[in-house]
Amino acid sequence: MSAAAPMKLYALMRGRFGFLNWWPADTKFEILAGAVLTQQTSWKNVEGALANLKREHALSLESIAHINITKLEQLIRPSGFYRQKAARLKGICSYILGNYGTLERFLSQNVTALRKELLLLNGVGEETADSIVLYAGGKPVFVIDAYTRRAMHRVAGTSENISYGELQGFFGSRVRRNVRLYKDMHAQFVELGKRYCKAKPVCEGCPLNSVCMYFRSKKQGENY
DNA sequence: ACCCAGGTGGCCC
DNA sequence: GGGCCACATGGG
């Protein structure tokens with residue numbers, strides 16, 4: 001790990017994008033549903049699925065816990081993997097409704113317990129669990145995603161295949177434990193990712209160019 | 001006609 | 001613990 005420390009990167013992105021005030025959703029339940037629907041899927045496609053659910057007044061814990069599975073599949077179809085996601089989302093909602101009654105009560109556990117319980121649910125992996133804990137639960141866990149991993153690889157030289165826990169630990173030990181900061185920092189990485197840090201990098205205009213190993217080695221014609 | 005997107009779980013070694 | 005695979009739509 002050479003050049004760039006997390007707060008340095010954050011300052012550069014924040015300076016460019018401004019405070020992002022994430023997650024884009026009207027309710028906590030919409031955050032939970034969105035977190036599942038966006039797995040390996042562009043947000044644009046997720047918006048279509050969420051719009052369908054809203055139109056049918058089906059965007060709530062109770063509605064999805066009780067909805068006909070075929071109906072749910074058709075509503076979320078634009079988000080891809082729709083059969084898998086329908087079954088998993090419904091299972092998650094049934095579990096929370098059955099064991100806690102409300103999403104609010106489920107989310108009111110302490111960070112550790114909540115994260116652990118989320119990870120037991122089929123369809124909730126580390127990123128989804130952490131997104132829900134941070135953005136719906138408002139509790140401090142740092143979210144790692146493909147954009148964060150890719151950006152850190154290109155900018156700071158971390159391994160392309162660094163594990164979720166290892167990269168999360170890296171940030172956790174260097175960034176002040178603060179919900180507002182955690183929320184915005186992840187948002188900044190996603191914003192960066194969508195514009196500049198896709199599988200095919202777009203170095204032109206990227207706010208991290210001043211510290212980007214990938215960018216510099218390219219300009220020098222080195223093999224990165 | 002490719003390649004890609006804010007992952008996850010199952011199976012194998 | 002890591003490597004490979006299915007899962008699926010919509011956009012570039």
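Hi everyone, this is a short walk through one helix, two DNA strands and two domains.

A word on the basis: this is a predicted model, where local features need pLDDT of at least 70, side-chain atom pairs count only at pLDDT 80 or more, and totals for chains, interfaces and linings use all residues. Residues are numbered from 1 along each chain as its sequence is written, while chains are lettered from A and ligands numbered from 1 in the order in which they are written.

Let's start with helix α6, residues 82-100. Helices here are DSSP runs of H or I with at least four residues, and strands are E runs of at least two, numbered from the N terminus. Why should α6 span 27 Å? Because it has 19 residues at 1.5 Å each, with the expected span taken as 1.5 Å times one less than the number of residues. The end C-alpha atoms are 26 Å apart, which agrees.

Which residues of α6 are buried? They are Lys-85, Ala-86, Leu-89, Ile-92, Cys-93 and Ile-96. They cover an arc of only 140° around the axis, so they sit on the same side of α6; the arc is that of the directions from the helix axis to the C-beta atoms. On the other side, Gly-98 and Asn-99 are exposed. Buried means 20 or more other C-beta atoms within 10 Å of a residue's own, exposed means 12 or fewer, and partly exposed is in between, with C-beta atoms placed from the backbone. The cover over the buried residues includes α2, α4, α5 and α7. Just after the helix, Gly-101 has a positive phi of about 85°.

Now to the DNA. Strand C is surrounded by 14 residues, the closest being Pro-78, Gly-80, Phe-81, Arg-83 and Gln-84; near means a C-beta atom, placed from the backbone, within 6 Å. α3 and α6 each give two or more residues to that surface, and α6 gives the most, with three.

Around DNA strand B there are 26 residues, and Gln-39, Gln-40, Gly-125, Thr-128 and Ala-146 are the closest. Here α9, α10 and α12 each give two or more residues, with α9 giving the most, four.

Finally, the domains: chain A divides into domain 1 (6-20 + 143-219) and domain 2 (28-136), with bounds from an automatic or database domain assignment. Their C-alpha centres lie 26 Å apart. Seven residues of domain 1 are in contact with six of domain 2, contact being C-beta atoms, placed from the backbone, within 7 Å. On the domain 1 side, helix α12 gives the most, with three residues.

Key: Two residues are in contact if their C-beta atoms, placed from the backbone, lie within 7 Å.
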